[in-house]
Amino acid sequence: MSELLSKDLSSNPCCGIVVGELCSPQTLDKVLAILPGFCLYSSMIKRKSEQQSRIELVTIESLVPKEHLLRKIDKAIDFRFIYEKVEKLYCADNGRPAVDPVVLFKMLFIGYLFGIRSEQRLVQEIEVNVAYRWFLGFTLTDKIPHASTFSQNRRRRFNESNVYQEIFDEIVLQAVKRKMVDGKVLYTDSTHLKASANKGKFEKAVVLQSVRDYVADLDAEIAEDRDRHGKKPLPHREAAPAEKEIKISTVDPDSGYMVRDGKPKGFFYLDHRTVDGCCGIITDSHVTPGNVHDSQPYLSRLDRQRQRFNFKTESVGLDAGYFTPHICKGLVERNIYGVIGYSRPRTAPVICARKILYMMKVLTATFVRKIKYLLIELPPAKATVNMPLTLQSAALARF
């Protein structure tokens, strides 16, 4: 072989040798020893040999990136408190061995964090995702709980309990201990969540309109003011309960038919969410049907946060949907600074003037000297407002 190579290449000293993929290292060494100074050209195509069955000694810990989101969550939150929260929901001495409850709730967190809405798809993703397995405490070969086991526990064992709210509250309390939440500035807004219901399949029903809590408070204040000025109390009048016609979905009766400017019509839910101004951590989440106004559950959810987490709330940020006499009066009574958006009225000027006059009377009757509201005029266009950024900027303008 060496004689043939020397004879063929002696006539063309500028040529090189093309080395194929199957050329062994021993052959290359012989060629370089016989023909010094000649170039070797290797093919640019690299063929990867199949090594899926190769045995390697690795740990699942080494396969998860150090900056992965689940690593940060696992480091910041101690989930062992879940055992105490759900202990009363399990039988101590009867039944089949249960799946670890911490695993079940961590699976819910994974589905929420990474937008996996299907439970079957969630189980499939956990089976092939090393980071998910690591977060749940599984090895590379552990069997993942079946989707039906996961869903039935959620529906039967936990559905009628308050365990979801308790777990949410405990995580907020852990954030408070780490000084990631202080509760001094809170931002609240709602977002619509589409229900799995056809908007064309519904039944109409006539229901009574709920009597607002602040109506009774206003009557009591009027009676107190008249008594203080030596006037006779106004005669009590029984107002006939107002009725309204609503649409009830035959597919998802718990949802509500939503009709709002700039929003799609149909059956929706509303997620009323409050965010703390310190690090942007959610401190409250409350779901109502889509036909419930934003302002109705606000004060009760605000009071719950102040009592549950011992918040000393100084100011709140709200959009124009919360600019009602009920909200204004409630914030003044709680001595909370309100940054409330204002939207130009789109109805007749006379009706708007009457509404503004009524709101002024309500505010005048409730410690008008303590009012510190900053009204932010928003354009009448149907634009979506980014609640945390817009209202935070408005709050900063105060200082």
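**Buried charges, salt bridges and the largest cavity**

In the predicted model, H272 is found in strand β7. This histidine is buried, because its relative accessible area is 5%, under the 20% limit for that class. Leaving aside neighbours within four places in sequence, H272 is in contact with D189, S190, D284, S285, H286, T288, H293, D294, P297 and Y322. The separation of H272 from S295 amounts to 23 residues in sequence and 9.8 Å in space, taken from C-alpha to C-alpha.

Several contact partners of H272, including D284, D294, P297 and Y322, reappear with H272 in the lining of the largest cavity. Three cavities of 30 Å³ or more were counted in the model, and the largest cavity holds about 60 Å³ of space. Its lining consists of T188, H272, R273, T274, D284, D294, P297, Y298, R301 and Y322. Two elements, β7 (266-276) and α12 (298-308), give two or more residues to this lining. Strand β7 gives the most, with three residues. By class, the lining of the largest cavity comprises four charged, three polar and three nonpolar residues.

Two of the charged lining residues, D284 and R301, are paired with each other in a salt bridge, with an N to O distance of 2.7 Å. D284 lies in strand β8 (residues 282-289) and R301 in helix α12, so the salt bridge ties together parts that are 17 residues apart in sequence. Both partners are buried: the relative accessibility of D284 is 1%, and the relative accessible area of R301 is 15%.

Helix α12 also takes part in a further salt bridge, through D303. The partner of D303 is R334, and the closest N and O atoms of the pair are 2.8 Å apart. R334 is placed in the loop between α13 (325-333) and β10 (337-343), so that this pair links distant parts of the chain, 31 residues apart. R334 counts as partly exposed because its relative accessibility is 21%, whereas buried residues are those under 20%. In addition, D169, R304 and R308 are joined into one network by salt bridges that share partners.

In total, 14 salt bridges were counted in the model. One of them is formed by R71 and E61, whose closest N and O atoms lie 2.9 Å apart. This pair also links distant parts of the chain, with R71 in helix α4 (residues 69-76) and E61 in helix α3 (residues 60-63), 10 residues apart. R71 counts as buried at 11% relative accessibility, while E61 is partly exposed with a relative accessible area of 36%.

Side chains of opposite charge can pair when their charged atoms come close. R133, found in helix α8 (residues 130-136), is buried yet has no salt bridge. The nearest side chain of opposite charge is that of D142, at 5.8 Å, and a salt bridge is assigned within 4 Å, so the pair does not qualify. D142 is nevertheless among the residues that R133 touches. Not counting residues up to four places away in sequence, the other residues touched by R133 are I60, I126, E127, F138, T139, L140, T141 and I144.

Methods
Residues numbered from 1 in each chain as written. Predicted model: local features only at pLDDT ≥ 70, side-chain atom pairs only at ≥ 80, totals over all residues. Heavy atoms only, no water. 1 Å grid on protein atoms, 1.4 Å probe; cavity = no way out; pocket = protein on both sides within 12 Å on 5 of 7 lines; lining within 4 Å. Points joined across faces, edges and corners; volume = space filled by probe spheres on them. Helix = DSSP H or I, 4+ residues; strand = E, 2+ residues; numbered from the N terminus. Nonpolar A, V, L, I, M, F, W, Y, C, P; charged D, E, K, R; others polar. Buried < 20%, exposed > 50% of the residue type's maximum accessible area, 1.4 Å probe, protein only. Lys, Arg positive; Asp, Glu negative; His and termini not counted. Contact = heavy atoms within 4.5 Å.
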